[in-house]
Amino acid sequence: MPFTDGLDAARALYKFRPTPIVLLTAFGEQELIEKASDLPIQGYLIKPVDEKQLSAAIQVALKRFKETQSLVNKTNELEETLETRKIVEKAKGVLMKQGMSEDEAHKHLQKMARDNQTSLRKVAEMILKN
């Protein structure tokens, strides 16, 4: 590659659009392999490579990428759920300071969410802003 190397290209490609990446290179130096192992790649092949090796590496890379993306999505969902729970708990605390029990505060938040056709989190955020 005239203006970059494969490692930089892989890094840029993944940052722009996460996609499964298998590096195919003529270089097998340990330093280069270590640098590559820090990248979001799914495979590293050293030339010469035959069709069966390449096909196997691609199949494994696709599966590992899908598994990784699934874990990333699940992690993001769990982080969002945890953050929502924290916000709702804080809003319940505000309502409890106004004299409601914890159960009443939770039911009040649920009712507001239903009445406004919005999420529990958005209602909790509105209460925390006031």
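Mentor: Contact here means heavy atoms within 4.5 Å. Keep that in mind for this predicted model. The buried residues of H5 pack against H3 and H4.

Trainee: Which residues of H5 are the buried ones?

Mentor: They are Arg 121, Val 123, Ala 124 and Ile 127. H5 itself spans residues 120-129.

Trainee: What puts these residues on the same side of H5?

Mentor: Their arc around the axis. The buried residues cover only 160 degrees, so they sit on the same side of H5.

Trainee: Why is Arg 121 called buried?

Mentor: Set the value against the cut-off. Buried means under 20% relative accessible area. Arg 121 has 18%, so it counts as buried.

Trainee: What makes the pair of Glu 80 and Arg 121 a salt bridge?

Mentor: The rule asks for a side-chain nitrogen of Lys or Arg within 4 Å of a carboxyl oxygen of Asp or Glu. Between Glu 80 and Arg 121, the closest N and O atoms are 2.6 Å apart. That is within 4 Å, so the pair qualifies. Glu 80 lies in helix H3 and Arg 121 in helix H5, 41 residues apart, so the pair links distant parts of the chain.

Trainee: Is Glu 80 buried or exposed, or in between?

Mentor: In between. Its relative accessible area is 43%. Partly exposed runs between 20% and 50%, so Glu 80 is partly exposed.

Trainee: Which residues are linked with Arg 121 in a network of salt bridges?

Mentor: Glu 80 and Glu 125. By the salt-bridge rule, the count for the model comes to 9.

Trainee: How do you know that Lys 35 and Glu 31 form one?

Mentor: The N to O distance is 3.6 Å. The limit is 4 Å, so this pair passes too. Both residues lie in helix H2 (residues 30-37), 4 residues apart, about one turn of the helix.

Trainee: Why do Glu 31 and Lys 35 fall in separate accessibility classes?

Mentor: The line for exposed is over 50%. Glu 31 has 55%, so it counts as exposed. Lys 35 has 45%, so it counts as partly exposed.

Trainee: What separates Arg 11 and Asp 8 in helix H1?

Mentor: About one helical turn, because they are 3 residues apart in H1 (residues 6-16). An α-helix has 3.6 residues a turn, so residues three or four places apart point the same way. Arg 11 and Asp 8 form a salt bridge, with the closest N and O atoms 2.7 Å apart. Arg 11 is partly exposed at 42%, and Asp 8 is partly exposed at 37%.

Trainee: At what angle do H3 and H4 pack?

Mentor: About 115 degrees, with their axes 9 Å apart. H3 passes H4 in a right-handed crossing. From H3, Val 88, Glu 89, Ala 91, Lys 92, Leu 95 and Met 96 take part. From H4 come Glu 102, Ala 105, His 106, His 108 and Leu 109.

Trainee: How many residues of each class does the contact of H3 with H4 have?

Mentor: It has 6 nonpolar, 2 polar and 3 charged residues.

Trainee: Why is Gln 53 called partly exposed?

Mentor: Gln 53 has a relative accessible area of 42%, which lies between 20% and 50%, so the term fits. Gln 53 is found in helix H3 (residues 51-97). Leaving out residues up to four places away in sequence, Gln 53 touches Leu 45 and Pro 48.

Trainee: How many residues lie between Gln 53 and Val 123 in sequence, and what is their distance in space?

Mentor: They are 70 residues apart in sequence and 55 Å apart in space, C-alpha to C-alpha.

Definitions and conventions: Residues numbered from 1 in each chain as written. Predicted model: local features only at pLDDT ≥ 70, side-chain atom pairs only at ≥ 80, totals over all residues. Heavy atoms only, no water. Helix = DSSP H or I, 4+ residues; strand = E, 2+ residues; numbered from the N terminus. Buried < 20%, exposed > 50% of the residue type's maximum accessible area, 1.4 Å probe, protein only. Axes fitted to C-alpha atoms, helices over the stretch in contact; angles between N-to-C directions. Left-handed = near helix turned anticlockwise from the far one by under 90°. Nonpolar A, V, L, I, M, F, W, Y, C, P; charged D, E, K, R; others polar. Arc of directions from axis to C-beta.
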